[in-house]
Amino acid sequence: TVMALHTTARVHLNERDPALQRDMVAHLTRLVPADGAYEHNLQTVDGRDNAHAHLLGLALNASETLPVVDGAPLLGTWQSIFFVELD
């Protein structure tokens, strides 16, 4: 099991293609814009507006469970493991 131990980080499997990665960022930005009016941003613990990062986390997994074969994760031909920092 691969797990992100932070509330605004996620683990994701997908194709590692630069154009697709840009599309992923654009999609997440449209889904939950950083400049939205979020109540969480009114009283931050560290002065950073990061409600959007917490909300984006609702759409992704905090962990992925992968089979391990001969000491290496078994991935499909086009699969890569992504650590996604949303903040």
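In the predicted model, S80 is buried, its relative accessible area being 17%, a value that falls in the buried class because the limit for that class is under 20%. The residue belongs to strand β6, which spans residues 79–85. When residues up to four places away in sequence are set aside, S80 touches H12, L13, N14 and R16. Of the elements around it, β2 covers residues 9–15.

Strand β6 also takes part in the largest nonpolar core, a set of 10 residues made up of L28, V32, Y38, A51, A53, L56, L60, F82, V84 and L86. Two or more residues of this core are given by each of α2, which covers residues 51–56, and β6. The greatest contribution is that of α2, with three residues. In soluble globular proteins, nonpolar side chains tend to be buried together. Within the core, L86 can be followed in more detail: apart from its neighbours within four places in sequence, L86 is in contact with T8, R10, L28, H52, A53, L56, G57 and L60. Among these partners, L28, A53, L56 and L60 are themselves listed as members of the core.

The largest pocket encloses about 380 Å³ of space. Its lining consists of 18 residues, and those nearest the centre of the pocket are M24, V25, L28, V84 and L86; L28, V84 and L86 are also found in the largest nonpolar core. At least two lining residues are supplied by each of β2, α1 (18–31), α2 and β6, and the largest share, six residues, comes from α1. By residue class, the lining comprises 11 nonpolar residues, six polar residues and one charged residue.

T8, one of the contacts of L86, is placed in the loop between β1 (2–3) and β2. With a relative accessibility of 1%, T8 counts as buried. Beyond the residues up to four places away in sequence, T8 touches N50, A53, H54, V84, E85, L86 and D87, and the list thus includes V84 and L86, which are among the residues nearest the centre of the largest pocket. By contrast with these contacts, the C-alpha atoms of T8 and G47, which are 39 residues apart along the chain, are separated by 16 Å. N50, which is touched by T8, lies in the loop between α1 and α2 and counts as buried at 8% relative accessibility. Not counting residues up to four places away in sequence, N50 touches T8, H40, N41 and D87, so that D87 appears in the contact lists of both T8 and N50.

D87 is also engaged in one of the two salt bridges that the structure holds. Its partner is R48, and the closest N and O atoms of this pair are 2.4 Å apart. Because R48 lies in the loop between α1 and α2 whereas D87 lies in the segment after β6, the pair ties together parts that are 39 residues apart in sequence. R48 forms a salt bridge with D46 as well, with the closest N and O atoms 2.8 Å apart. Through shared partners, the salt bridges join D46, R48 and D87 into one network. The members of the network are partly exposed, with a relative accessible area of 42% for D46, 38% relative accessibility for R48 and a relative accessible area of 34% for D87.

The region of β4 and β5 offers further local features. D70 lies in the loop between β4 (68–69) and β5, and its phi is near 55 degrees, a positive value in a residue other than glycine. D70 is exposed, with a relative accessible area of 80%, which is above the exposed limit of over 50%. P73 is located in strand β5, residues 72–73, and counts as partly exposed at 43% relative accessibility. Leaving aside its neighbours within four places in sequence, P73 is in contact with L66, P67 and V68. P73 and T1 are 72 residues apart in sequence, and their C-alpha atoms lie 9.8 Å apart in space.

Key:
Residues numbered from 1 in each chain as written. Predicted model: local features only at pLDDT ≥ 70, side-chain atom pairs only at ≥ 80, totals over all residues. Heavy atoms only, no water. Helix = DSSP H or I, 4+ residues; strand = E, 2+ residues; numbered from the N terminus. Buried < 20%, exposed > 50% of the residue type's maximum accessible area, 1.4 Å probe, protein only. Contact = heavy atoms within 4.5 Å. Core = buried A, V, L, I, M, F, W, Y, C linked by side-chain atoms within 4.5 Å. 1 Å grid on protein atoms, 1.4 Å probe; cavity = no way out; pocket = protein on both sides within 12 Å on 5 of 7 lines; lining within 4 Å. Points joined across faces, edges and corners; volume = space filled by probe spheres on them. Nonpolar A, V, L, I, M, F, W, Y, C, P; charged D, E, K, R; others polar. Salt bridge = Lys/Arg side-chain N within 4 Å of Asp/Glu carboxyl O.
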